[in-house]
Amino acid sequence: MTLRNQAQLITYPDSLGGDLQTLKQVIQKHFPDLFKGGIHILPPYPSSGDRGFAPLDYFSIDPQFGTWEDIQDLGRQYGVMLDVMVNHVSQRSVYFQDFLKHGRESKYADMFLTIEKIWEDGQPVQEDIDKMFLRRPVPYSTFITGNNQEEKVWTTFGKTDPSEQIDLDVKSELTRKYFQDIFKHMKDHHVHMLRLDAVGYVIKKPGTSCFFVEPEIYEFMDWIAEQANELGIALLPEVHSHYSIQYKLAERGFWIYDFILPYTVLDALLNRSSDMLKEYLKNRPANQFTMLDCHDGIPVKPDMDDLVTTDRARRVVDICLERGANLSYVLSDAHKSPEGFDVHQIRITYYDALDRDDDAYIAARAIQLFTPGIPQIYYVGLLAGENDEERGKITGDGREVNRHNYTLEEIEQAVQKPVVKRLMELIRFRNEYEAFQGDFQVLDTADHELKLQWEHSGKRCLLHVDLENYRSVITYTGEQGKEEEWVL
């Protein structure tokens, strides 16, 4: 399908008012013209953990959030993107519960990666595990099935032992039929785009990192793209990796996430230096979804590998820690830097990362909105949200610092903040000004400045950011052809 080159909102189903119907009311009341690019609703399905990312069932919506009719309403009016966790499913799903009850006699048994599918003798090899990009100390969990049989099953993710998130065997015909049924259901309910969560982990192969294993990953990616294309659904693969891997997907025609931009913009503003950002903006693919923040943290490793030095990254991380951040780490020694630097993501609101400086924050958003690609605005960022340290303590999940659930009263207050009003005006300009459909250029400047320009059909707009004082100015061709200046 053709995507709109306009801003898209990212939100949990319950984060703006409490449920999907209230979300729709909030958008209609406060942001009716802001998100013409659609709404990415983070998993609204029944789930057993990880705030929706351990799905029980894609064919129903968690009643506390609403119904599929609510998703359809939003889809018709704005366009909706939902997640499909192609790597895993909940331990408590009917599929895995049937496997636990019947063991290898389960009709769903082939959907899962029992350990002998990886190692023929069923014995994990530590040398192979040491090469993997691990998200848990070991990549499998042990279960006892109903026939009193011990089974080791692959589990890439999960904070418990055994894990709540059970990996799927994407080579299984059963699993592929499962995905086809999900895609058809999405199409029938006006979902226009699907985010392929954790798709980089779907191929497991001894002797490799078990992350984005080439060339095997492309067979699966091409197959799933074919299923989506037949239904007119667009795909957005989520791959946190070295940037060169993302670029390979872009070259194959996939939309990709710009996971480089969040750190690079932050680095430019904190160090008051545009050198790394300008170099990046001149050489990146254009078919990307841009973002500064999301439900996870600001990516560092492996996304920024070979783009930033360890010393420079440490300085940015240290500043963020002083401003209330917490960190997630790379577990595998093989994937840390030679100096031992192991920060995977920085968990903090983008507004706090910039020390709640309104001008710096607007400069960051202006850079994002001038960067080629479809801009995604995370709901906390939309409201210039501050760290929710209490939520992190209650849930025990450091990512929750940037996942505050807003009440209607809090939303009413937030939209009155000057910084939020400035951001909303900026998003409207990005949505409507026609030069953004044309040609993009990064202009040469001094290191403390940044100039980004778009031109199309006689219209031009130029963003100038002074990193020494965070002053941002847009000059653009007005209605009468006269050049106008807008101090953000």
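**Exercise 1.** How much space lies in the second largest cavity? Work out what lines this cavity, too.

*Solution.* Before we dig in, note that this is a predicted model, where local features need pLDDT of at least 70, side-chain atom pairs count only at pLDDT 80 or more, and totals for chains, interfaces and linings use all residues. Residues are numbered from 1 along each chain as its sequence is written, and side-chain values use heavy atoms, with hydrogens and water left out.

Step 1: pin down the term. A cavity is a set of points, on a 1 Å grid over the protein atoms alone, where a 1.4 Å probe fits but cannot get out; lining residues have an atom within 4 Å of a point. Grid points are joined across faces, edges and corners, and a volume is the space filled by probe spheres set on the points.

Step 2: read off the volume. The second largest cavity holds about 60 Å³ of space.

Step 3: go round the wall. Among the lining residues are His40, Arg195, Glu238, His240, His295 and Asp296. The lining splits into 5 nonpolar, 4 polar and 3 charged residues. Here Ala, Val, Leu, Ile, Met, Phe, Trp, Tyr, Cys and Pro count as nonpolar, Asp, Glu, Lys and Arg as charged, and the others, Gly among them, as polar.

**Exercise 2.** Now describe the largest cavity.

*Solution.* Step 1: the structure holds 4 cavities of 30 Å³ or more, and the largest has about 70 Å³ of space.

Step 2: its lining includes Met132, Phe133, Leu134, Arg135, Trp154 and Lys204. By class, that lining divides into 7 nonpolar, 2 polar and 2 charged residues.

**Exercise 3.** Which residue is joined to Pro215 by a cis peptide bond? Look for unusual backbone around it, and elsewhere.

*Solution.* Step 1: recall the background. Most residues other than glycine have a negative phi, and most peptide bonds are trans.

Step 2: the partner is Glu214, and omega is about 0°. Pro215 sits in the loop between strand 8 (193-197) and helix 6 (216-231); helices (H or I, at least four residues) and strands (E, at least two) are DSSP runs, numbered from the N terminus.

Step 3: Phe212 lies in the loop between strand 8 and helix 6 as well. Phe212 isn't a glycine, yet has a positive phi of about 50°. At 4% relative accessibility, Phe212 is buried (under 20% relative accessible area, with exposed over 50% and partly exposed in between; 1.4 Å probe, protein chains only).

Step 4: Asp161 and Pro162 are also joined by a cis bond, with omega about 0°. Pro162 is in the loop between strand 6 (150-154) and strand 7 (165-167).

Technical notes: On a 1 Å grid over the protein atoms alone, a cavity is a set of points where a 1.4 Å probe fits but cannot get out, and a pocket is an open set with protein on both sides within 12 Å along at least five of seven lines; lining residues have an atom within 4 Å of a point.
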